[in-house]
Every structure is written in C-alpha cells, then in structure tokens.
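Subject: The structure to look through

Hi,

Here is the structure I promised to pass on to you. Have it open while you read, and follow along as I go from one place to the next.

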Amino acid sequence: MNFTEENIAALFGHEAAEDEDIERLKSYYLKGAVYEQVANELPIRVLVGHKGIGKSALFHVAMAEDAAEGRLSLLIKPDDIAGIGDAETNFLKLIREWKTGITEIIARKALISFGLLRADWRGKLNEYGGKFIDFLQSTFKADNYANLSGAKRAVVDDFLKSGKIFVYLDDLDRGWQGNPQDVKKLSALLNAVRDLASECKGVCFRISLRSDVYYLVRTSDESTDKIEGSVLWYAWTNHEILAMLAKRIEHYHGRQHTTPELVAMNQIQLARFLSPVMEEVFHGRGNWKNIPTYRMLMSLVRKRPRDIVKLCTLAARNARANDKNIIGTDNFNDVFEEYSQGRLQDTVNEYRSELPDIERLLLGMKPSREEKKTAAGYVYTTEGLFSKIRNVQQSGAFKFHGGRTADFKDLAAFLYKINFITARKEVGELIQRRFFEESRYLSHKFVDFGFDWEVHPAYRWALQPDNLSEVFDSLRATAD
C-alpha cells in the first residue's frame, strides 16, 4: 500500500459523512437493522445516538435512495433554522413559530430545487393555511415545468401522485450548549414536527439527535413523551464495525460484498480482508502479546464507526511517515496516545452540557499510586468503583445540568451511560464487555447485574501518559 492521504481516505472513508462523495458512501455503506426502521414512510422517525455513530451517513444514504427512486426529499440544516424562536419565551407561541418556520423552509427549498420560486410564494403559501403539501402540489400543477430534467420531472410526477415528501433535519445540535433556552427551543421543534405530521398527511420527518441532547430534552419537558414511540436508538455491534471496515477495504480493491454476506461471516473470516492493509498479528505486550490485530481494534473502539476510521487513519499516516507499505504493530503503538486523547476530549465535549465538571470526573479515574502497585487500576468490583468515585468527589461535589447534586451512584450510572466504563466478565483469556443498553438511557439509577467494571481501553493512554507501557499490562482483548 502507498498510504497517501487520498488512498487513506479511499480505504477508510471520511470521519464525517457529509465530506464523503455520496456514490462512494453508497457503495461501501453497511446497512444495519436501524436503516430499514428509518427509511420507510412512517410520519416521524427520531434517530438518537452517540456522536460519531453514523447518523449523518445514514441520512445521506437514505436521501440518495429517495432521489434514485424519484421521491421528493429535502435536507434542513442548522443554518436553515437559525434565528427561529430566539426572542420568544412563551412555549406555546414558540411551537407556533417553529411550525411556521419549518413550513416556510420546506416550501421554499422545494420550490428552489425545481426553479419555481416566485416573489409572491410566501403569500400564496399563507392562502393554504400552512398546508404546504397542498400548496406545493397546486404550484407544481399550475406551473409549466417542461424544462425540468427527466429525473426532476419524475420526482414531481411522483409527488403529485403520492403527496409524499421526506424531510431530513440533521445536525440540529450543532452549537448545542445545553442551557434552558436550547432545551426549550429543541423541545418546541419536536412538538412542532409532531403537529405538522398530524396536520399535513404525507410528510415524513427524519430527525437526528445526539444522545446527550435528547436526554436533556426528554428529561426537561414531559410533553416529549408523546414522541417517544418514534425514537430509534442507533447502536452498532463490534461485529458490524469489523464488517464495515472489511467492506471499505474490499471496495478499495474493487471487490464488492453485500451487507448480509459480510455480517454472516465470523470475525476470523472478516479479518482476512484486512491483511492487504495491516499485519494480521499485533505484537503487543502483556495480555496483548501476539493477538490478532482485529481483536486489538475491536478492543479500542467504543462501538462507533468514527473510532475505527480515526484509529486506522492515524496508523496509516504513521506508516507512511516511516516508509511502510503495511500498517504494523509499531505504527499502532505510535498513535495510541493521540487516539486516546482524542476520544477523551470528544467525550468531554459531548457530555459537558449534562455534567459541566465532567473533565474532573474523568481525569479523576486515573489509577492512584497504590492501584498501580497492586495492578488494580481501571478494573473494579461494584464496591471498588463506588469507592473510587467517592475519592474523586473529595475534591468537590458534582452537579448535573439544572443544579442537581450527583451522588456516587449517579456518577457511576453516568460513567456507564457515556461508555467511559463498561461492564466486564472474563471469558477464558478474553473479556466480554457489555455497553450501556440504550433502552435504559433515561434511568438515573445505577444497576448492578453481576459484572465487574472497567475504564474502556480507548481512554487509558490519555489517563496515564506518564507511563504508557503500563497501560498494556492492564489490558485484556475483547471477546467479540
């Protein structure tokens, strides 16, 4: 391999889906079960997941398929809705502002896409009382659109026949600070979408939200319980992430595989697809000595596609800097600290709105001098975890968003929820890790189901930069 920046991007893809060429993204995109739950004709789907889990990628692929099948779809981005409701304090009036704002955005974007925007469009829309589907169908029928391309004419024809329009609201949490005004605005938006879906039959809203953002909105406004049935939690298994990596590498080499075909393979079979790019064995130390490279990778990703893209990209760049044509153990070793620091900072940025002093909590989980001596750092029984958190609390109380003081069980539940700690059980020489179950995301309470606990390996180099070699001694590879 020649690990140029172009080849690295072609091998592993971009970290952000919006930066990827849509045809390339479609060609190597791994469709999981959640995709089919989003790409349908139900009126509202709210896709909730951690940062970097692939929400934007899913929306981009779904919109491309809409276009290929002649369906009318629109993307609403943060800059489209900037300023809506900024000065309104009354919640009911705020919902009304959002309904008006979204209605106008949908109508304007649809007209622009077909070159039919006229100076008096807003007045005509008002004549329809906000029924934007009726307004658009009437406009498309009345105007001469013979000059439209064949593809656009097919979309118009489909819309006139079905009355269906798919509206994607993505990245709405950009600039999110978690203050009361942010929470109120987003809550009003969700209520407005629900009203519009009820009033305008045929519109299908697709909304993506970070899990921490949804958590604050859901727990701050009881009216959002009415949208709970439309919420889909986006999660990946390590097996799916390995299949995704294999599919991207195989696509680079001109070989195509379907998602069902790859997912049906075992991990040893999938790992063979990685061999043209990286050594099959990771020659680490301690419990990571001479383990399959794919096990090392699966141990360090937090079940987020962006993690595997980031780690492999860093290692490939290191290989190029050292004139290597395949990624080896030394290349991974050289980038573990940078990778770990990035994951720690991502977590702080993602969840600071929920726990403002999160950085002190995470850095406080660094092994103490005594824990290093006894090799007990990073891995805890339930009581040991509680004791560790109590020690961190001695430097000051922690308060959640809104001012509620967090006790040690609250903080343990929080650390588990954000995947900083995982549940673990030894399975022979390997470790079975259980991540937070999204169905219990709204639970404030810590649940002990008989596992021990450990700080996820992705964070350990960032917590212990003074002695990186010791990190390996505390690591066990994941079993899946």
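A residue is called buried when its relative accessible area is under 20%, exposed when that value is over 50%, and partly exposed in between. Keep that in mind, and Asn419 makes a good starting point: with a relative accessible area of 4%, Asn419 is buried. You will find Asn419 in the loop between helix H20 (408-417) and strand S11 (421-427). Its phi is near 65 degrees, a positive value in a residue other than glycine. Most residues other than glycine have a negative phi.

Before going further, please remember that this is a predicted model. The average pLDDT of the protein is 87, and 91% of the residues score at least 70. Among the elements, strand S3 (residues 165-169) has the highest mean pLDDT, 97, while helix H22 (residues 468-473) has the lowest, 63.

Positive phi elsewhere

Asn290 also has a positive phi, near 55 degrees. Asn290 sits in strand S7 (residues 289-292). Is Asn290 buried or partly exposed? Its relative accessible area is 47%, so Asn290 is partly exposed. Asp323, which follows helix H15, has a positive phi near 55 degrees too.

Aromatic rings

Now move to the residue right in the loop we began with. Phe420 and Tyr459 make an aromatic pair whose ring centres are 4.7 Å apart, and the 40 degrees between their planes make the pair tilted. Which parts of the chain does this pair tie together? Phe420 belongs to the loop between H20 and S11, and Tyr459 to the loop between strand S13 (452-455) and helix H21 (460-463), so the pair links parts that are 39 residues apart in sequence. Phe420 is buried, with a relative accessible area of 0%, and Tyr459 is buried with a value of 0%. In total the structure has 16 aromatic pairs. There is also an aromatic cluster, formed by Phe282, Trp288, Phe332, Phe336 and Trp461.

Strand S4 and its partners

Next, look for strand S4 (residues 203-210). How many of its residues are buried? Eight of its eight residues are, and S4 is mostly covered. In a regular strand the side chains alternate between the two faces of the sheet. In S4 both of these faces are covered: Val203, Phe205, Ile207 and Leu209 are buried on one side, and Cys204, Arg206, Ser208 and Arg210 are buried on the other.

S4 pairs with strand S1 (residues 44-49) in the parallel sense, over six bridges. In that pairing you can spot Val46 opposite Ile207 of S4. S3 and S4 also run parallel, joined by five bridges, and Tyr168 stands opposite Arg206 in S4. To get from S3 to S4 the chain passes through helix H9 (residues 180-199), and this β-α-β crossover is right-handed.

Tyr168 turns up again among the contacts of Ser73, which touches Met63, Asp66, Phe166 and Tyr168, leaving aside residues up to four places away in sequence. Ser73 itself is in strand S2 (residues 72-76). Its relative accessibility is 16%, so Ser73 counts as buried.

Two helices

Helix H15 (residues 305-321) has 17 residues and spans 25 Å from its first C-alpha to its last, close to the 24 Å expected at 1.5 Å a residue. Why is H15 described as largely enclosed by the rest of the structure? Because twelve of its 17 residues are buried. Among them are Ile308, Val309, Leu311, Cys312 and Leu314. What do the buried residues of H15 pack against? Their partners are helix H1 (5-12), helix H11 (238-252), helix H14 (293-300) and helix H16 (329-351).

For a contrast, try Lys141 in helix H7 (residues 132-142). At 61% relative accessibility, Lys141 counts as exposed. Lys141 is 15 residues from Val156 in sequence, and their C-alpha atoms are 9.2 Å apart in space.

Have fun exploring, and send me any questions you come up with.

Best wishes

Note on methods
Residues are numbered from 1 along each chain as its sequence is written. This is a predicted model: local features need pLDDT of at least 70, side-chain atom pairs count only at pLDDT 80 or more; totals for chains, interfaces and linings use all residues. Side-chain values use heavy atoms; hydrogens and water are left out. Helices (H or I, at least four residues) and strands (E, at least two) are DSSP runs, numbered from the N terminus. The expected span of a helix is 1.5 Å times one less than its number of residues. Buried means under 20% relative accessible area, exposed over 50%, partly exposed in between (1.4 Å probe, protein chains only). Contact means heavy atoms within 4.5 Å. pLDDT is the predictor's confidence in each residue, from 0 to 100. Two strands pair if DSSP finds at least two bridges between them. A crossover is right-handed if, with the strands pointing away from the viewer, the path from the first strand over the helix to the second runs clockwise. Rings of Phe, Tyr and Trp (its six-membered ring) pair if their centres lie within 6.5 Å; planes under 30 degrees apart count as stacked, over 60 as edge-to-face and the rest as tilted.
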